[in-house]
Amino acid sequence: REQLSTAGQPVAGTSLRYRNHEIELAWHHHFDERERWRVYTRLAWGRNLDNGSGYFDFDRSLASVQLRFRGGPWEVRAQGRVIYYDYAVQQSDVNTGELRRRALVSSGLRVERKLRAAVRAFAEYDHEQALTNLSYDGYRANVVNLGLDWEF
């Protein structure tokens, strides 16, 4: 893949490469001695840099939380996440002169029941929405999964 100019045009005879840097802070906490209730929280920041004009350069911030309950054969998990992208060079096609911004907001719920030592049934729902200042980059998705997990 070729590098792109600041206007988003291919630069002939070049090769595109990225450097990624990321720092993350995570916290796990059990609320009871039997470890039935747990929270898992993550905060992260990263920077993506290309080896060309900076067209693909962006900063990324992430915040997520997951709450889990385990009781007997049941496990229930609820989670939420926000990821924010701030681009250094790419322009919005909605607001002239504004740099590209993008936020992904997601939430989910998973219910799982152990049927046998290595078999679990599950149902899960996930919702994700992309909020952006590019006309073609936004979306909303809902996903439902039902199934069996079998470990062998």
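Trp 45 stands opposite Ser 61 in strand 3. On its other side, Trp 45 in strand 2 is the bridge partner of Ile 23. These pairings belong to a predicted model, and the report below starts from the strands they connect.

**Strands 1 to 3**

Strand 1 and strand 2 run antiparallel and are joined by 13 bridges. Strand 2 is also antiparallel to strand 3, which covers residues 58–71, and twelve bridges hold that pairing. In a regular strand, side chains point alternately to one face of the sheet and the other.

Gly 46 is a residue of strand 2. Gly 46 counts as buried because its relative accessible area, 5%, is under 20%. Its C-alpha atom lies 31 Å from that of Asn 145, and 99 residues separate the two in sequence.

**The turn between strands 1 and 2**

Strand 1 (18–30) and strand 2 (37–50) are connected by a loop that contains Phe 31. The two strands form a hairpin with six residues between them. Glu 35 is in this loop as well. Most residues other than glycine have a negative phi. Glu 35 is not a glycine, yet its phi is positive, at about 55 degrees. Glu 35 is partly exposed, with a relative accessibility of 43%.

Phe 31 is exposed, at 52% relative accessibility, because the cut-off for that class is over 50%. Together with Trp 37 and Leu 67, Phe 31 makes a nonpolar surface patch of about 300 Å².

**Salt bridges**

The model contains 17 salt bridges. Three of them are listed here with the N to O distance and the relative accessibility of each partner.

| Acidic residue | Basic residue | N to O distance |
|---|---|---|
| Glu 75 (11%, buried) | Arg 70 (42%, partly exposed) | 2.8 Å |
| Glu 112 (8%, buried) | Arg 77 (25%, partly exposed) | 3.6 Å |
| Asp 149 (24%, partly exposed) | Arg 110 (14%, buried) | 3.1 Å |

The bridge between Asp 149 and Arg 110 links distant parts of the chain, since Asp 149 is in strand 7 and Arg 110 is in strand 5, 39 residues apart. The side chains of Glu 112 and Arg 77 also meet in a salt bridge. Glu 112 lies in strand 5 and Arg 77 in strand 4, so this pair ties together parts that are 35 residues apart in sequence.

Asp 149 itself is partly exposed, at 24%, whereas Arg 110 is buried, at 14%. Through shared partners, salt bridges join Arg 70, Glu 75, Arg 77, Arg 110, Glu 112, Arg 120, Glu 124, Asp 149 and Glu 151 into one network.

**The largest pocket**

The volume of the largest pocket is about 240 Å³. Its lining has 16 residues, and those nearest the centre are Ser 64, Gln 79, Gly 80, Arg 81 and Ser 106. Two or more lining residues come from each of strand 2, strand 3, strand 4 (74–91), strand 5 (99–116), strand 6 (119–132) and strand 7 (139–150).

**The loop between strands 6 and 7**

Leu 134 is placed in the loop between strand 6 and strand 7. With a relative accessible area of 6%, Leu 134 is buried. The C-alpha atom of Leu 134 is 8.3 Å from that of Gln 91, a residue 43 positions away along the chain.

Methods
Residues are numbered from 1 along each chain as its sequence is written. This is a predicted model: local features need pLDDT of at least 70, side-chain atom pairs count only at pLDDT 80 or more; totals for chains, interfaces and linings use all residues. Side-chain values use heavy atoms; hydrogens and water are left out. Patches are made of residues with over 30% relative accessible area and no salt bridge: like charges are joined within 9 Å, nonpolar side chains (Val, Leu, Ile, Met, Phe, Trp, Tyr) within 5 Å. Accessible areas come from the Shrake-Rupley method with a 1.4 Å probe; for residues, only the protein chains shown count as cover. A salt bridge is a side-chain nitrogen of Lys or Arg within 4 Å of a carboxyl oxygen of Asp or Glu. Helices (H or I, at least four residues) and strands (E, at least two) are DSSP runs, numbered from the N terminus. Buried means under 20% relative accessible area, exposed over 50%, partly exposed in between (1.4 Å probe, protein chains only). Two strands pair if DSSP finds at least two bridges between them. On a 1 Å grid over the protein atoms alone, a cavity is a set of points where a 1.4 Å probe fits but cannot get out, and a pocket is an open set with protein on both sides within 12 Å along at least five of seven lines; lining residues have an atom within 4 Å of a point. Grid points are joined across faces, edges and corners, and a volume is the space filled by probe spheres set on the points.
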